[in-house]
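Here are my notes on the nonpolar cores and the salt bridges of the structure below.

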Amino acid sequence: MRPSACPGLVRVVAAADGGLCRIKLPGGRLDAHQARAIAAAARACGSGAIDATNRANLQLRGIRDDAADALTRALLDAGLGPRIDADADAAALAASDDARNLMLSPLAGHDPAALVDSRALSMPLLDMLAREPRRGELSPKFSIQLDGGESVAALDHPHDIWLAAWRRDDGAVRIAAGLAGCPPVAHGDRPASVDVSPDQSVALVRALLLAFLDLAPADVTRMRALLATCGERPLLERAQHYLSFPLAADPALAGWRRMRADPALRFGAHLSHDAARCSVGAQFVLGRLDATQLERLAALADTNGDGTLSMTPWQGVFMHGVSRERAPATLAALASLGLVCAPSDPLATLVACTGSAGCAKAHADTKQDALALAARIGRPLDVHLSGCERHCALPHPATHTLVAVAPAHYDLYRRAAAAGLGAPLARHLTIDQAAARLTGAAQPGHTDA
Ligand code: SF4
């Protein structure tokens with residue numbers, strides 16, 4: 001078993017504002033009953049504050065030291081644990097929980113634009129991850145994406161293994177796969193490494209996991225680090241040992257690119273397979289909600305939808321099964337709950353980490369500063385406020401990043417063509433100065449220093 005400091009269902013980790021419990025939701029999905037159970041547990045065992053994470057999970061904050069066991073029990077009773085034997089011991093439960101890092105589109109199983117039902121495909125994959133005897137050797141951060149080709153998808157969030165549906169010239173839908181990255185969308189992106197039929201995808205993922213564990217030294221926990229030392233070919237050759245079919249890539253995959261996903265589609269109504277119903281999306285302000293909001297979301301899901309919700313990698317939510325007639329009223333209800341409901345909202349693309357209110361490493365109260373920044377800018381900008389140089393709220397650089405150096409003071413970076421934050425544009429800015437700089441930077445014809 002690999003020791004871990006990551007929060008989980010049975011591993012409440014200390015933070016500046018109390019214990020932190022991460023609830024990994026299968027493909028981001030939960031139902032209204034589970035949402036109520038989470039809200040009740042957040043209130044009974046913690047501060048009531050809840051984070052929506054960039055892996056479409058939920059985190060409960062401020063958990064009291066004496067409440068961790070009761071919290072875990074309440075969440076397991078609500079069906080929020082991994083699907084394993086009821087008598088599994090704590091170590092087996094923790095290992096199964098840690099392995100459940102499977103990213104789906106929040107519209108998985110609903111979007112008529114998808115090439116496959118990725119939600120259906122995810123079930124045996126999650127079962128395999130929860131039961132594979134070697135799952136405890138994986139880092140809890142080791143993550144997998146399953147992209148069914150939905151119109152709403154996270155395509156800039158690198159995963160250790162990614163799978164993406166694509167259609168061959170003969171019409172057959174296949175599953176392309178790649179390592180340490182994202183499905184290719186632009187001309188220069190790394191193409192897929194192999195492809196398989198949909199019913200071979202679980203065996204493929206298991207083979208890739210086992211090959212990774214066979215080849216990775218003890219201090220290498222992520223696919224990117226392994227590929228940097230041994231390259232892709234040895235890993236694929238090792239994976240072949242675990243497969244009963246030959247691993248290969250269709251030559252057409254070299255030119256295949258996944259359709260881009262429009263970020264504006266994260267908000268509002270989307271038609272589903274049932275033409276009379278839709279899914280309605282919105283985002284939590286700076287990724288934070290509270291127990292009362294979650295309870296009201298659950299009630300809305302029951303009255304206006306089919307009682308199911310999907311958390312999103314953009315720290316938001318989709319409510320499913322809403323009748324087309326009730327979609328506008330549902331969106332209005334989400335707005336009245338305090339959610340961001342339009343891509344034109346200044347908070348639509350603003351990201352802030354936990355900040356000094358909950359993280360001892362933070363140099364500033366990023367969430368309060370982000371609200372102040374949004375009020376000054378008044379329109380959406382792709383900006384990430386990070387309390388320290390770890391940048392853990394966003395898995396890829398935003399167009400602009402503000403890194404806190406002191407309370408309410410930040411260094412400003414603009415994303416470079418190469419990976420990383422790029423060179424600093426300015427140092428030690430106040431929020432007023434940052435707003436002026438960002439507003440100027442966004443004006444046509446402006447050139448940053
Ligand atoms: S980026 Fe730094 S300050 Fe912000 S939550 Fe992560 S560790 Fe804490």
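The points that follow take the cores before the charged pairs.

1. This is a predicted model, in which local features need pLDDT of at least 70 and side-chain atom pairs count only at pLDDT 80 or more, while totals for chains, interfaces and linings use all residues. Residues are numbered from 1 along each chain as its sequence is written, and side-chain values use heavy atoms, with hydrogens and water left out.

2. The largest nonpolar core (buried Ala, Val, Leu, Ile, Met, Phe, Trp, Tyr and Cys residues joined through side-chain atoms within 4.5 Å; buried means under 20% relative accessible area, exposed over 50%, partly exposed in between, with a 1.4 Å probe and protein chains only) has 45 residues, and those with the most contacts inside it are Ile38, Leu58, Leu60, Leu75 and Leu334. Its largest share, seven residues, comes from helix 1 (residues 32-45), helices being DSSP runs of H or I of at least four residues, numbered from the N terminus.

3. Apart from this core lies another, of 43 residues, which includes Leu138, Ala165, Ala180 and Ala216.

4. The structure holds 23 salt bridges, each a side-chain nitrogen of Lys or Arg within 4 Å of a carboxyl oxygen of Asp or Glu. In one of them, glutamate 295 meets arginine 43 at 2.7 Å, N to O, and the pair links helix 8 (residues 291-304) to helix 1 across 252 residues. Glutamate 295 is partly exposed at 28% relative accessibility, and arginine 43 is partly exposed at 42%.

5. Aspartate 170 forms a salt bridge with arginine 168, their closest N and O atoms being 2.9 Å apart; aspartate 170 is exposed, at 54% relative accessible area, whereas arginine 168 is partly exposed, at 24%.

Note on methods. Helix = DSSP H or I, 4+ residues; strand = E, 2+ residues; numbered from the N terminus.
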